[in-house]
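Open the model in your viewer and keep the selection box handy. We'll hop from strand to strand, then drop in on the ligand.

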Amino acid sequence: MRNFYFNHDGNVDDLVSLLLLLQMPDVNLLGVGVTDADGYVDPASSASRKIIDRFGHADRKPADVAKSNSRAKHQFPDAWRLSVFSFDDFPLLNENGGQIQTPLAEKPGHLDMIDKLQNSAKKVTLVMTGPLTDLARALKVDPTITEKIDKLYWMGGVLGSQGNVAAPGADDTMEWNAYWDAEAVKTVWDSNIEIVMVGLDSTNQVPLTSELRLRWAAQRSYPALDLIGQGYSLVHSFEANSIYYLWDVLTTLSSRYPELIESKRVKTDVITTGFSEGRTFQTDKGREITFVTSVDAAAFYDKIDELAKLAPSK
Ligand code: AGV
Ligand code: CA
């Protein structure tokens, strides 16, 4: 068994990532933290607890879910943050009259992360699919947690010049999770944690297409694939530049199935002020990370199906 900790921020692909992490046969998920970023934190925590109730396996599911009290430097648009209210209301997650077994953790996200890491006998794989704020705050409270982190897999950043932030005062060279709190990215980059960055450069290779939606629809007799199809039906791109990708799911599957991806070692840094706040870039003076360059998309989609079919049927 491998020990994992997951911090996400409540958009559809974050919740699908949780669902799939719960199915990995040799992954013991020690804990889940929810950041108030790309989804409102209350329905995002509630939906996470319901997913664990309905789709977790008794021998390896987390005991609770921690709500973060970290706050944005730049908050996500409400148009994106609202979808989790609908997700949390899905009938598939509310067959128990809305009762939830998995409790909320007593501590906020960053302190929960410290506890779960320090209480682990083994090193932990940390997967983060939203801003890095909770990890940056955890490092300030207890810098020794780095000894318990095997690797950090982070969905965030971009090394090409095209970002995905369309906001006044931003030059669109940055990715949203980095823009939400660029200082936090810097803090994590300044630590000695082994970082694997899944940026837009690789996630651009796995867009959400109508073929994928139909592929999941055709398999909806499997409850987890039904939930995935329903979840993604909440998100559509009506503006240029806001195509939905399987950003977080790629990050999550990379953390356990590195054979799906290719990567290289690069030196990088992050800009924390001005028009390019949140921009990650390559530089010889930067710190070394593993940067994911490409993905075997066909194998990746197959893996989603395979894991989803392992979910408890009832
Ligand atoms: O920048 C990608 C991150 C991922 O962690 N999120 C979505 C994923 O959860 C922000 C984001 C960028 N474009 C979006 C986003 C869109 N069109 N809808 C919702 N979220
Ligand atoms: Ca996310």
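Select 195–198 and 287–295: these are β6 and β9, two strands that pair in the parallel sense over two bridges. Strands here are DSSP E runs of at least two residues, helices are H or I runs of at least four, and both are numbered from the N terminus; two strands pair if DSSP finds at least two bridges between them. Zoom in on Met197, whose bridge partner in β9 is Phe291.

A quick word on what you're looking at. This is a predicted model, where local features need pLDDT of at least 70, side-chain atom pairs count only at pLDDT 80 or more, and totals for chains, interfaces and linings use all residues. Residues are numbered from 1 along each chain as its sequence is written, chains are lettered from A and ligands numbered from 1 in the order in which they are written, and side-chain values use heavy atoms, with hydrogens and water left out.

Next, add 261–270, which is β7. It runs antiparallel to β9, and eight bridges join the two. Click Ile261 to find Val295 as its partner in β9, then Val266, which is matched with Ile289.

Now bring in β8, at 280–282. What is the sense of its pairing with β7? Antiparallel, over three bridges; look for Val270 standing opposite Thr280.

Time to zoom out. The whole sheet is open, with nine strands in the order β3-β2-β1-β4-β5-β6-β9-β7-β8 and mixed pairing. At the edges sit β3 (65–67) and β8, each pairing on one side only. From one strand to the next the twist averages 30°, taken between N-to-C directions of axes fitted to C-alpha atoms, on a scale from 0 to 180 degrees.

Select 109–118 for helix α5, which lies across β1, β2, β3, β4 and β5 and runs at about 175° to β1.

Last stop: ligand 1. Which residues are closest to it? Of the 16 that surround it (a heavy atom within 4 Å), the closest are Asp13, Asp38, Thr129, Glu175 and Asp248. Try some distances to oxygen atoms of the ligand: a polar side-chain atom of Glu175 is 2.5 Å away, one of Asp13 is 2.7 Å away, and a backbone N or O atom of Thr129 is at 2.9 Å. The protein covers 97% of the 430 Å² of accessible area that ligand 1 has on its own (Shrake-Rupley method, 1.4 Å probe). Finally, colour α1 (12–21), α7 (176–180) and α12 (247–256): each supplies at least two residues of this shell.

Note on methods:
Polar contact = N/O pair within 3.5 Å; in protein donor to acceptor, adjacent residues only side chain to side chain. Contact = heavy atoms within 4.5 Å.
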